[in-house]
Amino acid sequence: MRPLAADQNSHGTTADFIATLSSFSKLHRAQRWEGTFGEFLANILPGNAVALARTSHEYIWDMLRWFGRAAQPDAAENVRARELFRRELFGIDEPLSRVVDYFKAAAAGSDVGRRLLLLLGPPSGGKSTLAILLKRGLEEYSRTDEGALYAVRGSPLRENPLNLIPTSLRAEFRDRYGVLISGELSPWARDFVEREFEGDFVRVPVERVFLAEASRIGIGTYAPHDPTTADIADLVGSVDLAKVAQIGDEGDPRAWSWSGAVYSASRGMLEMIEILKVKREFLYLLLTLTQEKNVKVSRFPLIHLDETILAHTNLAEFHKFLQEKENEALLDRMVIIKIPYALSYRDESRIYQKLVSGAPAFRNVHLDPHVLNLAAVFGILTRLGKKLRVYAGEAVEGVPETEATRLHAETPEEGMTGVSPRFVVNAISNAITRGNTHSLTSMELLLALKDSIESDARMDAKQKKAWIDHLVTARKEFYNRWVKEDVHRAMFASFEEEAQQLLEKYLDEVEASLDHRQVTDPITGESRPADERFLRSVEEKIKVSDSGKMSFRQEVVRKAMVAFKTGEKFKLVSHARMREAIEQYLFEERRDVLRLVTSTARPDDDARQKISVVQQRLVSEYGYDEHSAKEALSYVTTLLAQE
Ligand SMILES: Nc1ncnc2c1ncn2[C@@H]1O[C@H](COP(=O)(O)OP(=O)(O)OP(=O)(O)O)[C@@H](O)[C@H]1O
Ligand SMILES: [Mg+2]
């Protein structure tokens, strides 16, 4: 067996983790509470009535605000309430803010709380992630003091103990505590109170509950499988025949199986995956549940349920659903929030970063610094075409910034189509697994994407062509610029040093040429005349003419002498024109070297050395590895050749 990495390298981490676990479990135990309803009224209720009477919508809204306490204190309320989503969802602030608004309005008692929340979006656009975050948020919040939730112990619905208070006493309760109790006891609890306590509800046991999806406590999920075999019992339960045999009465609530998803979700949230795929009958039940807060099952009177339903669906299902006229009325009872793809490549790139860093296929794989950004540019192009740079917050020539807002308003459907993050990440990971490589470059990424597009069975030829065109655009308009910048910067990294050396060489040659003397080669010791060609090639960079060269040289020498006399070194900064000449000289020299090295089979040692300095710098300072640095250099050379 392979040891865990944490064990191998750092015992500290393991120990820390165990400490966290045990303090978590201690905390968890400490917070438990159990007692009779009488004790609950005496010890828990005073001062807490409003919190204890919260509906699930109010509870979720408070949960969102609780997470928001970590956000910037002076941010707007809506921004703070999005904090929970911020860690995992990027580039969809606007839709998230609508989700937050929904909970706020529902918590305030507005009618939207009586409508089902439906997230509508393209595949792999973050709908499930949003639901997961809400669920994890609820679990965490229920463990805090502020989020403490109490329930009638043993009730499969974990109903609010306050529901034990008989209707006739509720007005008095309201006068005393300032909250109106609206919930009803479930058939199970009613029977329980009568049978076990002869109606003396004060003795009924109450406990604190902690929401947990894994234990089906306060969080339920329903995914439609085969609609032909799907049974409404999955949602609302059915008669438990074994229990009927035991108890002898089909109408006894103890003989009902309370395992349906709507009961699991009681007090918290029910996630309905692909809701429009479910049978009409299911949909009616859920809509009634949201609107009336109850469900009807045979044998029992209406069962009161307090829960929030979060449903999601994709566009294809939605359009199909719209085709049927009678569905219009149903849509009226839903709040539909569109969850589009991210539209800024920087956000999109963060999504890939997140997906990639969590995937084992990417462990120990080096990605060059532009791979994810480039993939993201392609992704956004498939979603919006030319408006990409406006959304990335990069100015596009001729488009003022306010245009971004207008462009957005113009096309409400955008972000609802195009490539999904999953498609892109799959393409990347295929390239890695197939190539069995530990390094992936931007160019390899483009090839991988091209490959995935070409082999995709769902796309028609026209769309394939359009997407491949987007790859070309991404390369030409983004990658070329980025990689050139890197190479230029790496080429000039040792600039100061080399430029100084070059300046000194220039001065030596100039002096020799002015004095008409020989220059002694420092290595071979041989003498030769001044290198006029070198001098001219530097001077030509700043257009010093042949007739003007003498006065230019004299001026430079004079400046150098002045510096020398005051005991200083003649530096480039003190001569702007020389600086420009030498900069140009060095750049062109290296450009030529780049061309030479990559185009000839056997470059000489000097050239090789120069190139390797640039390459190392790309590695040490610009996030490349050896493989990608080589590629970047040869790619930029090709680009230069075309300039
Ligand atoms: N805007 C986003 N920000 C961060 N991550 C995202 C975003 N959109 C999608 N993802 C990531 O992409 C993956 C797929 O998203 P998710 O499963 O939530 O999509 P979905 O809308 O439920 O898709 P489907 O309709 O296919 O079920 C997830 O890992 C999710 O974290
Ligand atoms: Mg999903």
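The nonpolar cores, the residue Phe103 and the surroundings of ligand 1 are described below for a predicted model.

Residues are numbered from 1 along each chain as its sequence is written, and chains are lettered from A and ligands numbered from 1 in the order in which they are written. Local features need pLDDT of at least 70, side-chain atom pairs count only at pLDDT 80 or more, totals for chains, interfaces and linings use all residues, and side-chain values use heavy atoms, with hydrogens and water left out.

The largest nonpolar core (buried Ala, Val, Leu, Ile, Met, Phe, Trp, Tyr and Cys residues joined through side-chain atoms within 4.5 Å; buried means under 20% relative accessible area with a 1.4 Å probe, protein chains only) has 64 residues. Leu116, Leu235, Val262, Tyr263, Met272, Ile275 and Leu286 touch the most other members. Helix α15 (residues 280-292; a DSSP run of H or I, at least four residues, numbered from the N terminus) gives six residues, the most to this core. A second, separate core of 57 residues includes Leu374 and Val487.

Phe103, in helix α8 (residues 93-107), counts as buried because its relative accessibility is 0%. Beyond four places in sequence, Phe103 is in contact (heavy atoms within 4.5 Å) with His57, Ile60, Trp61, Leu64, Leu117, Leu134 and Thr308.

Around ligand 1 are 16 residues (a heavy atom within 4 Å), the closest being Ser124, Lys127, Ser128, Thr129 and Lys354. Oxygen atoms of ligand 1 lie 2.8 Å from a side-chain N or O atom of Lys127 and 2.6 Å from one of Lys354.

Technical notes
Buried means under 20% relative accessible area, exposed over 50%, partly exposed in between (1.4 Å probe, protein chains only). Helices (H or I, at least four residues) and strands (E, at least two) are DSSP runs, numbered from the N terminus. A polar contact is a pair of N or O atoms within 3.5 Å; within protein, one must be able to donate a hydrogen and the other to accept it, and residues adjacent in sequence count only if both atoms are side-chain atoms.
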